[in-house]
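Reader: I have just opened this one and don't know my way around yet. Can we go through it bit by bit?
Author: Yes, pick a spot and ask.

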Amino acid sequence: MSAFVGKYAEELIKTAKYIATPGKGILAADESTGTIGKRLAGINVENIESNRQALRELLFTSPGALACLSGVILFEETLYQKTSDGKPFVEVLQENNLVPGIKVDKGVVDLAGTNGETTTQGLDSLGARCAQYYKAGARFAKWRSVLKIGPTEPSELSIQQNAQGLARYAIICQENGLVPIVEPEILTDGNHDIKKCAAVTEIVLAAVYKALSDHHVLLEGTLLKPNMVTPGSDSPKVAPEVIAEYTITALLRTVPAAVPGIVFLSGGQSEEEATLNLNAMNKLEVLKPWTLSFSFGRALQQSTLKTWAGKKENVEKAQDAFLARCKANSDATLGKYAGGSSGGLASESLYVKGYKY
Amino acid sequence: MSCYKGKYADELIATATYIGTPGKGILAADESTGTIGKRLSSINVENVETNRRALRELLFTAPGALECLSGVILFEETLYQKTAAGKPFVDVLKEGGVIPGIKVDKGTVELPGTDGETTTQGLDGLAQRCQQYYAAGARFAKWRAVLNIGPNQPSQLAINDNANGLARYAIICQQNGLVPIVEPEILVDGPHNIDKCVDVTERVLAAVYKALNDHHVLLEGTLLKPNMVTPGSESPKVAPEVIAEYTVRALQRTMPPAVPAVVFLSGGQSEEEATLNLNAMNKLKTKKPWSLTFSFGRALQQSTLKAWAGKEENIPKAQAALLARCKANSDATLGKYKGGSSLSEGASESLHVKDYKY
């Protein structure tokens, strides 16, 4: 085979396929300590370990919500945390048929000589770290690469470096039993139109899949986490059907059929936008050899966070809000979302210019 | 869009989609004058224009055969030839619902510093030639790149140069209204096993599709003509189901779903082998977002040639042989081939010629 088929090959294929189950998706709860601090600050909650633990317990014990999910991405700290009853989070997830995943990148660093472009670090001792995470119960990983659109961006250097990084990360994960989620996020920032976004997305994805092939990555044991194809943040919005058409066309042109599932990131879209767009994609009458689902962070947690506001007495209400978004997105993966559930907060844009995790 | 969408975009997409119609495939009748000479001499027929014309008329007017075909690839001479009654071949094909195509490459040349590896030429003036062929009725083109498997082959140079050539050819065709069939043939020659073949095939196809993307080729308006994934010619054969599994998986790993169809080359397989393998692929229960069909030269014409032997009185027999292979392959595209049907003399004969040069 051109692909590396190590001792974990069958398990990787099985895990990736399960995560891509229609009707399910991923909760991205892997905010680093710094990033979750911003979220907590947004609801006036102190950024200490017990609060971080309380938030994640709220999410992972939401009645009914877990049935809409196939996986949860965790930050390292969370992988080893427990419920207030002393039950490891990993066990809570596993008992509810959720695959625990782990963020393994170490953030972005500037590419010198470019106009603010970055590459992602985290390859050092990654094999050993993956092996540890596997022992702790993780079965998939995530690594976020970031590109941007501008007059001369993304540059060829940025595309190549980020694609190479993703490929090295992916093969190291597979050597150590973790399904790599490959995430080449092209930021929405800018005043470009949807055609520009589509062109860049197609170029970036082609480079990513060439790199994965070069590095012998087993595509059947991976997932893709791309941006949807949309107009830039400073451009007029378009209908979900348009986003769906451009996004799927881009994917058909670049993502081989061997990839079992595509789990979109939400970028800065509001909870409702992200769900409507995902729904439109699944309604589109076109041949799609991979499932189209979600890996949402902000777009699943925003209302929940605001409803919780750090108060124990709000936990139940917050969990209801969380269930509502999980259900909405679960429906969207089946093209069945009727729209407009849980108004207000759900329509708030989550866009932050130059967003850094 | 990343891809180039010129004035022919819609037509290219429609043509490529039509060629991939289930139940149909391509007859590769684009043998150059030199190559068809070898075929004719093997049945003791003189390589003169009238004989070349007679052979192609036999093929294109075979009753029932055209229904199994969506396209025919022609050599330049043939594009301008007519039946004995004076009807242009192009019209015969169009009336039979078959799209005329044209071979546009100018053969292979060696890559210096490699161990006999080649690249394909034909880019000079290609745009003008495509325009002329379009005016003459052609709506698709074909360009054959050749790679081989060896201890150090294919080299990165051979892969890159052939991929780049295919991509330049493809975009020039699309600028001028012709659907490019992209053919990166990896020769079957050698003692390697099927695992080696699939490794090379996946690497080559990945490089080809990266190049097509770099050159802004509209994938929905292209076709792929790859080798099937098989053991080398000097290795023990394997079952059609194994060939099917390896081949389809290689395509799943490299070929974007936007490509509407795969039209396999037969590359030295016997008529029956090629059909059985194609059939096995279409029976396979797995993700196949593109149709899998044939673009056969030798594997459609071998029995026909032998039955004809250049004699007018043999034409009905020869046309029956062609119809049998066309029907067999048409069934194979639907996974319905029963095997061994109307095996004419030569249907099981291997058509492998070591180090085959067109």
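Reader: Let's start with B:Cys68. Is B:Cys68 buried or exposed?
Author: This is a predicted model, to begin with. In it B:Cys68 has a relative accessible area of 8%, so B:Cys68 is buried, the cut-off for that being under 20%.

Reader: Where in chain B is B:Cys68 found?
Author: In the loop between helix 3 (49-60) and strand 2 (69-74) of chain B.

Reader: And what is B:Cys68 in contact with, leaving aside neighbours within four places in sequence?
Author: The contacts are B:Gly23, B:Lys24, B:Gly25, B:Phe294, B:Cys326, B:Lys327 and B:Ser330.

Reader: What about B:Thr275, how many Å separate the C-alpha atoms of B:Cys68 and B:Thr275?
Author: Those C-alpha atoms are separated by 14 Å, and the two residues are 207 apart along the chain.

Reader: New topic: how many residues does each chain put into the contact between chain A and chain B?
Author: Chain B gives 27 residues and chain A gives 29. The two chains bury about 2,300 Å² between them, with 61% of that on carbon and sulfur atoms.

Reader: How many salt bridges are there across the interface?
Author: The rule finds 2. One of the salt bridges joins the side chains of A:Glu220 and B:Arg253, at 2.9 Å from N to O. There are also 9 residue pairs in polar contact across the interface.

Reader: Which helices of chain B supply at least two residues of the side that touches chain A?
Author: Helix 8 (194-214) and helix 9 (240-254) of chain B each do. Helix 8 of chain B gives the largest share, 9 residues.

Reader: And what is that side of chain B made of, by class?
Author: It has 13 nonpolar, 4 polar and 10 charged residues.

Reader: Switching again: how many aromatic pairs does the structure hold?
Author: Over all chains, 8. Among them is the edge-to-face pair of A:Phe60 and A:Phe89, with 5.1 Å centre to centre and 85 degrees between the planes. A:Phe60 is in helix 3 (residues 49-60) of chain A and A:Phe89 in helix 5 (residues 89-95), so the pair links parts of the chain 29 residues apart. Both A:Phe60 and A:Phe89 are buried.

Reader: And A:Trp143 with A:Tyr169, what sort of pair is that?
Author: A:Trp143 and A:Tyr169 are stacked, 5.2 Å centre to centre with 25 degrees between the planes.

Reader: Why does that pair tie together parts that are 26 residues apart in sequence?
Author: Because A:Trp143 lies in strand 6 (residues 140-147) of chain A, while A:Tyr169 lies in helix 7 (residues 156-175) of chain A. A:Trp143 is buried at a relative accessible area of 1%, and A:Tyr169 is buried at 0%.

Reader: Anything to say about the backbone?
Author: Most residues other than glycine have a negative phi, and most peptide bonds are trans. A cis peptide bond joins A:Glu153 and A:Pro154, and another cis peptide bond joins B:Gln153 and B:Pro154. B:Pro154 is in the loop between strand 6 (140-147) and helix 7 (156-175) of chain B.

Reader: And what is phi of A:Asn44 near?
Author: It is near 60 degrees, a positive value in a residue other than glycine. A:Asn44 is in the loop between helix 2 (33-41) and helix 3 of chain A. With 74% relative accessibility, A:Asn44 counts as exposed.

Note on methods:
Residues numbered from 1 in each chain as written. Chains lettered and ligands numbered in written order. Predicted model: local features only at pLDDT ≥ 70, side-chain atom pairs only at ≥ 80, totals over all residues. Heavy atoms only, no water. Contact = heavy atoms within 4.5 Å. Buried area = accessible area lost by both parts, 1.4 Å probe. Salt bridge = Lys/Arg side-chain N within 4 Å of Asp/Glu carboxyl O. Polar contact = N/O pair within 3.5 Å; in protein donor to acceptor, adjacent residues only side chain to side chain. Helix = DSSP H or I, 4+ residues; strand = E, 2+ residues; numbered from the N terminus. Nonpolar A, V, L, I, M, F, W, Y, C, P; charged D, E, K, R; others polar. Phe/Tyr/Trp six-rings, centres within 6.5 Å; stacked < 30°, edge-to-face > 60°. Buried < 20%, exposed > 50% of the residue type's maximum accessible area, 1.4 Å probe, protein only.
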